[in-house]
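The following report describes the fold of one protein chain, from its central sheet to its core and a pair of helices. The sequence and the structure are shown first.

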Amino acid sequence: MSAPSQTPELPSSVAGHSFAPAPCYAAGPCLDLFCCEGGAGTGYALAGYAVTGVDIVPRPRYPFTFVLGDALEYLEAHGHEYDLIHASPPCQGYSHLTPEAHKGKYPKIIPALRELLRKIGNPYVIENVAGARHELENPVMLCGSMFGLRTRRHRWFETSFPVSAPRACDHSEMPLLVTTASKASRAKRHALGIAPKSVKNAPEAYGIGWMSSDGLKEAIPPAYTRHIGEAARRHNDQAQRPGPL
Ligand SMILES: C[S@@+](CC[C@H](N)C(=O)[O-])C[C@H]1O[C@@H](n2cnc3c(N)ncnc32)[C@H](O)[C@@H]1O
């Protein structure tokens, strides 16, 4: 696998939301490991990073430069080329939605991933679900309500630089349902040429308007990683500022 050379572009339809200021890719390259259809990657683009995603499955809806392959292999070979590295390893081994009896089938790769990220030494982020928070070191929890989104979708982020939640959760408003329809019901609607029932809520709930329902099941709202990407940039700027003489 070689590093891609395309210039990434933001999707024109980022949920129809106006994100200001427009991204200018002034922050350098960001690697989005286990990228799926680009929920996390879009947040880093909105924070000004030029994003490259890696996934083991082809992801034609991924909005940025895409590399098909194994995330850890790509990280080992190319991680040092990126100013910021994000990883969202599969959560099935940790998720409360996976039956206990089946959890053993899914590899828990967070420790190996962290070891490799630390060896590379560049700023990193590891994201996962509540079930994995004990495997993450000093994670910060982000919730859609902290960003004015109609979702809770709590996710935990271990970061190698300081990040705090923008505010406390506010669960006073009912979250919107996204991709709750069963696979069978989605297939039936697809056969009838009807859009999946709940995907229509994705822009308001997640700030996402370009994904399939499978992508939405996996995605984190871009607002979370925009917040983290901006914190990484601030931290980097401070580290580069000359100290008092
Ligand atoms: C939880 S999803 C990531 C969601 C993404 N961060 C977002 O916000 O849209 C995990 C992804 O990891 C991919 N994946 C699983 N094993 C992988 C591997 N060994 N290398 C690369 N990608 C892998 C899956 O295909 C899936 O798309």
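A residue is called buried here if 20 or more other C-beta atoms lie within 10 Å of its own C-beta atom. That cut-off applies directly to strand β7, where R155, F157 and T159 point one way, W156 and E158 point the other way, and all are buried. The model under discussion is predicted.

**Overall composition**

The protein contains eight helices and seven strands. Of its 245 residues, 41% are buried. Among contacts between residues at least 6 apart in sequence, 60% join residues at least 24 apart.

**The sheet**

The seven strands form an open sheet in the order β3-β2-β1-β4-β5-β7-β6, and their pairing is mixed. Its edges are β3, at residues 65-68, and β6, at residues 140-142, each of which pairs on one side only. From one strand to the next, the twist averages 20°.

Three of the pairings can be set side by side, together with residues that stand opposite each other.

| Strand pair | Sense | Bridges | Example of partners |
|---|---|---|---|
| β4 and β5 | parallel | three | I85 and Y124 |
| β5 and β7 | antiparallel | four | I126 and E158 |
| β6 and β7 | antiparallel | three | V140 and F157 |

In the pairing of β6 with β7, M141 also has a bridge partner, namely W156 in β7.

Why is β7 described as largely enclosed by the rest of the structure? Five of the five residues of β7 are buried, so the strand is largely enclosed in that sense. Strand β7 spans residues 155-159 and pairs with the edge strand β6 in the antiparallel sense. On its other pairing, with β5, the sense is again antiparallel, over four bridges.

Strand β5 is likewise mostly covered, with five of its five residues buried. Both of its faces are covered: Y124, I126 and N128 lie on one side, V125 and E127 lie on the other, and all are buried. Helix α4, made of residues 110-120, lies across β4 (84-87) and β5 (124-128) and runs at about 170° to β5.

**The nonpolar core**

In soluble globular proteins, nonpolar side chains tend to be buried together. The largest nonpolar core of this model has 54 residues, and the members that touch the most other members are C30, L33, Y44, Y49, I85 and A202.

Residue I85 links this core to the sheet, as it is found in strand β4. It is buried, with 25 other C-beta atoms within 10 Å. Leaving aside residues up to four places away in sequence, I85 touches L31, L33, G79, L117, N122 and Y124. One of these, L117, is 32 residues from I85 in sequence, yet the two C-alpha atoms are 8.1 Å apart in space.

Residue Y44 is another of the core members named above. With residues up to four places away in sequence again left out, Y44 touches C30, D32, Y49, V51, L84, H86, T225 and G229.

**Helices α1 and α8**

Y44 also takes part in the contact between two helices. Helix α1 covers residues 39-46 and helix α8 covers residues 222-240; their axes come within 7 Å and cross at roughly 45°. That angle makes α1 oblique to α8. The crossing of the two helices is right-handed. On the α1 side, the contact is made by G39, A40, T42, G43, Y44 and L46. On the α8 side, it is made by P222, A223, Y224, T225, R226 and G229.

**The loop before α1**

The loop between β1 (29-33) and α1 holds F34, and C36 lies in that loop as well. What is the sign of phi at these two residues? For F34, phi is near 60°, a positive value in a residue other than glycine. For C36, phi is also positive, at about 50°, although C36 is not a glycine. F34 is buried, with 21 other C-beta atoms within 10 Å. C36 is buried too, with 25 other C-beta atoms within 10 Å.

Definitions and conventions
Residues numbered from 1 in each chain as written. Predicted model: local features only at pLDDT ≥ 70, side-chain atom pairs only at ≥ 80, totals over all residues. Core = buried A, V, L, I, M, F, W, Y, C linked by C-beta atoms within 7 Å. Buried ≥ 20, exposed ≤ 12 C-beta atoms within 10 Å, placed from the backbone. Contact = placed C-beta atoms within 7 Å. Pairing = 2+ DSSP bridges. Axes fitted to C-alpha atoms, helices over the stretch in contact; angles between N-to-C directions. Parallel < 35°, antiparallel > 145°, perpendicular 65-115°, else oblique. Left-handed = near helix turned anticlockwise from the far one by under 90°.
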